[in-house]
Amino acid sequence: MFDRRNFLASLAGFAGALTLPQRLLADLAQAPGKLPDASLYEANEEAYWTELRRQFLIPEDEVYLNNGTVGSSPAPVLRAIFDGYNETEKLAETEPEDYPIWGYAAWNEFRDPLAAFLGCTRDEIAILRNATEANSYIANGLDLQPGDEVLMTDQEHPGGEGPWQLRAKRYGIVVKKVALPKPVPNAAAVLNLFSDAITPRTRVLFFSHITTVTGVVLPARELCALARSKGMLSAVDGAHVTGMMRLNLHELGCDMYTSSPHKWLQAPKGTGFLYVRDEVIDRVWSTIATEGWDARNIRAERFQRIGSSNVPVLWGLRAALQLANQIGLERIERRHRQMADYILKEMLARGVDSWTSPDPALRCAIATVNVPQFQTMEAETWLWKTKKIRIRGGAPSKIRLSTPYYLLRKDVDRFLAAFDEYRHLKHAGKL
Ligand SMILES: Cc1ncc(COP(=O)(O)O)c(C=O)c1O
């Protein structure tokens, strides 16, 4: 029997599907066709960033202080992804055996700009989906015996610690942790903690370059040198670092490094990478195995042989690299630091505890504070529901504030005013 209601509902769904790309394209069309001129930066920095902010789809009345979880891909990146779909979905490659399937190719057109950005060679890079996946390759891929130890901090993300815990439970390796003070006072304190915790069974130092818990920038170069001096491997979870601050992997001297450029590089979600120093590549087994899984000659490309996957996001990754290069990473990092320092100073003036290092070398674009007697999760909901401000809370009373370059000074001021209002209402018993 003809069901009118279902018929109308299906029509509505169809119409929605037709209009969606148009709406998306309209949003994109609002973004200026070119980036602000460098001369604007010289004349008025805030005006420059305000103009650049127009490349982002985040509504103007929203304040997004949680870039540490995921970034927001701006118009040039989104356009590149759509271009990628337009091109690849035609399935019109020149050669009959060429298909735009990701998982069986070198993808040097994407690895080359990434390697140049990271200060390493293309052969040391495998493009994966995120830091979690790359960390899993490391924890699964090394030859370790039961009782061998991996030493990490107590501030690792589950996507960093989890792969090692799995290996521990299944194969008997041992996970040991150093407890980082909050805040970390200086680099020497971290080095001493690690140095004191190393035993004759320690095989790997694994740590976040920037931790998810407080955003502290750990002294990665010194920790990697410590590992090397003791004949251990160093594996660094740099999920936050790419696009937030300058990174040169060869200078850092690590054996392995992972990252999620969909955070601070504003790359598409599902773009990550694994770096393995050339001398170490042959010591790492692949986790996913398909054609080429054991082909030593293709170096780290071996780790990106993952079966068919999504190529257009790689177009987006390349565009995100290009965007960061156009703006200039030095300029981006400077802005990141300025905004984080500003928000931290203002929060400290409100009598909260700092969990952010007092040493400028150990902080960048994440400021974390603890507000005694504060119900963070409740405040997080209030800020979002009533003010359209997104923070990252942590029970019971932590606030993690990310300051990406597209965040404006007036956005920070709006957050500070809302924070004051919340505390005032709370004290007055009105919430
Ligand atoms: C230090 C660290 N490692 C790993 C991850 C996981 O990132 P992804 O979900 O992109 O794999 C995060 C996410 O916040 C993180 O902060």
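Tutor: The radius of gyration here is taken over C-alpha atoms, and the globule rule is 2.2 Å times the number of residues to the power 0.38. Keep in mind that this is a predicted model, where local features need pLDDT of at least 70, side-chain atom pairs count only at pLDDT 80 or more, and totals for chains, interfaces and linings use all residues. Residues are numbered from 1 along each chain as its sequence is written, and side-chain values use heavy atoms, leaving out hydrogens and water.

Student: So what radius of gyration does the chain have?

Tutor: The chain has 23 Å, which agrees with the value near 22 Å for a compact globule of 431 residues. Its C-alpha atoms fill a box of roughly 65 × 60 × 60 Å along the principal axes.

Student: How much of the chain is buried?

Tutor: Buried means under 20% relative accessible area, exposed over 50%, and partly exposed in between (1.4 Å probe, protein chains only). Here, buried residues make up 52% of the 431.

Student: And which residues make the nonpolar surface patch?

Tutor: Patches are made of residues with over 30% relative accessible area and no salt bridge; nonpolar side chains (Val, Leu, Ile, Met, Phe, Trp, Tyr) are joined within 5 Å, like charges within 9 Å. A salt bridge is a side-chain nitrogen of Lys or Arg within 4 Å of a carboxyl oxygen of Asp or Glu. In this chain, Leu-91, Tyr-99, Ile-101 and Tyr-104 make a nonpolar patch of about 410 Å². Ile-101 is partly exposed, at 36% relative accessible area.

Student: Which residues form the negative one?

Tutor: Asp-83, Glu-87, Glu-93, Glu-95, Glu-97 and Asp-98. Among them, Glu-87 is partly exposed, at 45%.

Key
Areas by Shrake-Rupley, 256 points an atom, 1.4 Å probe, with all protein chains shown as cover. Lys, Arg positive; Asp, Glu negative; His and termini not counted. Charge placed at Lys NZ, Arg CZ, Asp CG, Glu CD.
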